[in-house]
Amino acid sequence: MIELLKEGFILVGAIFMLLAALGIVRLPDLLTRMHATTKAATLGATLIMLAVAIHFAQVAVVARAFGVILFIMMTAPVAAHVIGRAGYFVGSKLWSGTLKDELRPNYDPLTHELKSGRETEANARREPQETDPS
Amino acid sequence: MSIVILLSLALMSLALCLAFVRLFRGPSLPDRVVALELFSSILVGIIGVVAIATDVPSLLDVAIVMALMAFMAAIGFARFLERGGPRDD
């Protein structure tokens, strides 16, 4: 039973990694490629580390395997965010079928200034008041 | 070595080759950085499977260091890209 579970985890993890690699080859632009790789590769590595924990079943190894899982789960979103942000700033092209880019009209990539769409003369001159929500 | 381990190693090697295709072709630098990050994730998986196949638990330390290095490299590349400003490669 445990053997079966382990082999299932290994195979499913490897298949997810293959899916991530297929996604990075087939998808059309940077953001969709990141969407494929970060999630699928994280899930694949997590499943394989679970298989390692099941296989060895010692406290030290299980702790290290869960350490790897925790570390990957914590760093993968951060790395994806940082790369996606940098890619947007250096002007990587979006896919021609992209429907909406909400940052484009509101964001100045040189000064890193983000408009909220509510800038008016009256709002700019208004003093903070007691009743404002903080 | 059981058939499952061989099969999964083959699948992950194929994944490495596909990631290398993107690393080679990638039209811009961020694409290549994403491919490198995928490389490291696949390598963590391969190291895990090899640790199971050879019964050597110390290999997990290698996987930890691999994940750490990939994260640092991604952050460093992103900083480098943002400092560089608009570019066309």
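## Close-up views of a predicted two-chain model

**View 1. The turn-off point after helix α2 of chain A.** Just past α2(A), A:Ala57 adopts a positive phi of about 55°. This view, like the others here, comes from a predicted model. The helix that precedes A:Ala57 covers residues 30–56, 27 residues in total. From first C-alpha to last, α2 of chain A reaches 38 Å, close to the 39 Å expected at 1.5 Å a residue. Most of α2(A) is covered, with 21 of its 27 residues buried.

**View 2. A:Val12 and its partner across the sequence.** Have a look at A:Val12, which sits in helix α1 of chain A. Its C-alpha atom is separated by 7.4 Å from that of A:Leu47, although the two are 35 residues apart along the chain. A:Val12 counts as partly exposed because 17 other C-beta atoms lie within 10 Å, whereas 20 or more would make a residue buried.

**View 3. Where chain A meets chain B.** Here 44 residues of chain A are in contact with 42 residues of chain B. On the chain A side, α1 (2–26), α2 and α3 (59–89) each supply at least two of the touching residues. Sorted by class, that side of chain A has 31 nonpolar, 10 polar and three charged residues.

**View 4. Two annotated stretches of chain B.** An unreviewed UniProt entry lists residues 35–53 and 60–81 of chain B under "transmembrane region". In the model, residues 35–53 of chain B are 100% helix and 0% strand, with end C-alpha atoms 27 Å apart. Residues 60–81 of chain B are likewise 100% helix and 0% strand, and their end C-alpha atoms are 32 Å apart.

Key
Residues numbered from 1 in each chain as written. Chains lettered and ligands numbered in written order. Predicted model: local features only at pLDDT ≥ 70, side-chain atom pairs only at ≥ 80, totals over all residues. Helix = DSSP H or I, 4+ residues; strand = E, 2+ residues; numbered from the N terminus. Expected span 1.5 Å × (residues − 1). Buried ≥ 20, exposed ≤ 12 C-beta atoms within 10 Å, placed from the backbone. Contact = placed C-beta atoms within 7 Å. Nonpolar A, V, L, I, M, F, W, Y, C, P; charged D, E, K, R; others polar. UniProt positions renumbered as here; feature names shortened; annotations may be inferred.
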